[in-house]
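Please read the following account with the sequence and the model side by side, turning to each residue as it is named.

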Amino acid sequence: MGSNPTPSAGSSIAMNASTTPDPAAAAAADEQWMRAALGEAQAAASHGDVPIGAVVVRDGPQGPVLVAARHNERELTGDPTAHAEVLALRDAAAVVGHWRLDDCTLYVTLEPCVMCAGALVNARIGRVVYAATDPKAGAVASLYEVCSDVRLNHRPPVTGGVLADECGALLRQFFVARR
């Protein structure tokens, strides 16, 4: 496991114990979970990785429960597949006990790339929520539409733009500092 291990199955962290039946409450919950992903993104920058963070939240009887929280670790580990989304999916599958994550939502601070969008489809993720769009490599809405491709056997609902300004600003600041 990388530098940011996820809680074990017996110690999931409940951040929001209520269900979200109305749109305003659902939007507030999306912002809450995206803030958790943003915190992960900030941790990535501390070791020279592009500041992208992801969390996986599972529907539970008492409401949503955080089951995985990761950030990019490509520079840290030298692993080209160590994107926040892939790491979070791996940890979530370990916590849940199987690869099908159809009762989970992934929150990520940048629109997933082709690799990550493919992993989301293969994990049968229940829903995808992203912050900033990625016009150069986005594979959910910008450049490709992997998650809504009718030729694929799974098409999770996608919500984009949640805390896009804050997450985009973190990315811009990171790249300005690197130049």
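What follows is a walk through a predicted model, beginning with one acidic residue and moving on to a surface patch and the salt bridges.

Begin at Glu 111, which sits in the loop between strand E3 (104-110) and helix H4 (114-122). This residue is buried and yet has no salt bridge, the nearest side chain of opposite charge being that of Arg 172, 13 Å away. A salt bridge requires a side-chain nitrogen of Lys or Arg within 4 Å of a carboxyl oxygen of Asp or Glu. Which polar partners, then, does the side chain of Glu 111 have? A polar atom of that side chain lies 3.0 Å from the backbone nitrogen of Asp 134, and a polar contact of 2.5 Å joins the side chain of Glu 111 to that of Ser 142. When neighbours within four places in sequence are left aside, the residues in contact with Glu 111 include Tyr 130, Ala 132, Thr 133, Gly 138 and Val 140, as well as Asp 134 and Ser 142.

From this loop, move to Val 114, which is found in helix H4. Together with Leu 143 and Tyr 144, Val 114 forms a nonpolar patch on the surface, and the three have about 280 Å² of accessible area together. Val 114 itself is partly exposed, with a relative accessible area of 43%.

The charged pairs come next. Side chains of opposite charge can pair when their charged atoms come close, and the structure holds 6 salt bridges. In one of them, Arg 127 pairs with Asp 30, with the closest N and O atoms 2.7 Å apart. This pair links distant parts of the chain, since Arg 127 belongs to strand E4 (residues 127-132) and Asp 30 to helix H1 (residues 23-45), 97 residues apart. Arg 127 counts as partly exposed at 21% relative accessibility, whereas Asp 30, at 8%, counts as buried.

Another salt bridge is formed by Asp 103 and Arg 58, whose closest N and O atoms are 2.9 Å apart. Here too distant parts of the chain are linked, with Asp 103 in the loop between helix H3 (84-96) and E3, and Arg 58 in strand E1 (residues 53-58), 45 residues apart. Asp 103 is partly exposed, at a relative accessible area of 24%, and Arg 58 is partly exposed at 27%.

Finally, the side chains of Asp 149 and Arg 151 meet in a salt bridge of 2.6 Å, N to O. Asp 149 counts as buried at 18% relative accessibility, while Arg 151 is exposed at 73%. Elsewhere, Arg 70, Glu 73 and Asp 91 are joined into one network by salt bridges that share partners.

Methods: Residues numbered from 1 in each chain as written. Predicted model: local features only at pLDDT ≥ 70, side-chain atom pairs only at ≥ 80, totals over all residues. Heavy atoms only, no water. Helix = DSSP H or I, 4+ residues; strand = E, 2+ residues; numbered from the N terminus. Buried < 20%, exposed > 50% of the residue type's maximum accessible area, 1.4 Å probe, protein only. Lys, Arg positive; Asp, Glu negative; His and termini not counted. Polar contact = N/O pair within 3.5 Å; in protein donor to acceptor, adjacent residues only side chain to side chain. Contact = heavy atoms within 4.5 Å. Patch = residues over 30% accessible without salt bridge, like charges linked within 9 Å, V, L, I, M, F, W, Y side chains within 5 Å. Areas by Shrake-Rupley, 256 points an atom, 1.4 Å probe, with all protein chains shown as cover.
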